[in-house]
Amino acid sequence: MTALKEIDAESFWDIIGLSVAPDQADLVTSNAVSIAQAKVQPECIPLAIYEDEAPVGFLMYCIDRDDDQYWLYRLMIDEKQQGKGYAKAGMRLLIDIVSADPVRRKLYLGVDKSGVASVRLYEGLGFRFTGQVFGKESIMCLDLSPFAALANRTQESVAGIAYRTNALTADGFASIRSQMGWEDKPLAQIEGALLRGLCTISAYDGETLVGMGRLVGDGAMYWYVQDVVVLTAYQGRGIGTEIMRRLMERVASGGIPGTTVTVGLMAAKGKEGFYTKLGFRSRPNEREDPGMIMNIDIPYPL
């Protein structure tokens, strides 16, 4: 599981030993310099990005002295760990942290537009360019208000059920699938799916996971609802509807203003009516052709 951790004397050398690819070196300040900066600028908070017990990256944020808003000063993922979704996971955890602030409603960052992957990452998380440019960096901003609305309901109970955003674990995911008689998936595949997805909403009775739903897709034009399920004993209590409502709120908060997005899903047999009541339409219809899917078996390496 991905986590943000404080850097201490024990982890210091591991963190400064992380490095980006050579062609990225000009885009990222070294972790050693960033940690040193935090010593002389105490408003800067350096954090290590861990996957289980292994450090995979680094970020640093602060409340800026000039505008009193949150700024992301640094984000890097070790060269050997890139392409695994750790940057997105780390950013989501940071967004959860700063969204809990009841006063500050913006998170800013500067990005070199030549770093195309970084721009795509931030846009996928909801950041938008402000038009400001400082040196080589263009400024992007994330409106934290929608995230705060979700974060403030993280532990809220609705009819005795608590709903949590991006708290779903691979073990919990596997367990609820097993209880519902769904096909078993390898734990590594589940971990990858959760890491690369856009959002999860999970429902709990106490600490017992009783329902879940996910969003996947590009986070801009196309969003897909996956794995919406409620344990049989808890069905008929509006839990599935509440999960879907929160997922659709995430789409609304993450989409590009002024655009139309497409949200797709594949309903289980006999469950079409649940989704049509929420505004989804079945295909084929008078305007749209049938949808199609394909399953691909991924072979083991020779």
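**View 1. The salt bridge of E43, a buried residue, with R65.** In this predicted model, E43 is buried, with a relative accessible area of 18%, whereas its partner R65 counts as exposed at 60% relative accessibility. Their side chains meet in a salt bridge of 2.7 Å, taken from N to O. The pair links distant parts of the chain, since E43 lies in the loop between α2 and β2 and R65 in the loop between β3 and β4, 22 residues apart.

**View 2. The open sheet and helix α2.** Seven strands form an open sheet in the order β1-β2-β3-β4-β5-β7-β6, and their pairing is mixed. At the edges stand β1 (2-6) and β6 (128-134), each of which pairs on one side only, and the twist from one strand to the next averages 30°. Strands β2 (residues 44-51) and β3 (residues 54-63) run antiparallel and are joined by eight bridges; C44 stands opposite C62 in β3. Helix α2 (residues 31-40) packs on the sheet, where it touches β2, β3 and β4 (70-77), and its direction makes about 40° with that of β3.

**View 3. Further salt bridges.** The structure holds eleven salt bridges, including one between E288 and R281, whose side chains meet at 2.8 Å, N to O. Of this pair, E288 counts as buried at 15% relative accessibility, while R281, at 54%, counts as exposed. Salt bridges that share partners also join E242, R245, R246 and E249 into one network.

**View 4. The salt bridge of K185 with E183.** The closest N and O atoms of K185 and E183 are 3.7 Å apart in this salt bridge. K185 counts as partly exposed at 35% relative accessibility, and E183 counts as exposed at 54%.

Methods: Residues are numbered from 1 along each chain as its sequence is written. This is a predicted model: local features need pLDDT of at least 70, side-chain atom pairs count only at pLDDT 80 or more; totals for chains, interfaces and linings use all residues. Side-chain values use heavy atoms; hydrogens and water are left out. Two strands pair if DSSP finds at least two bridges between them. Helices (H or I, at least four residues) and strands (E, at least two) are DSSP runs, numbered from the N terminus. Axes are lines fitted to C-alpha atoms, for helices over the stretch in contact, and angles run from 0 to 180 degrees between N-to-C directions. Contact means heavy atoms within 4.5 Å. A salt bridge is a side-chain nitrogen of Lys or Arg within 4 Å of a carboxyl oxygen of Asp or Glu. Buried means under 20% relative accessible area, exposed over 50%, partly exposed in between (1.4 Å probe, protein chains only).
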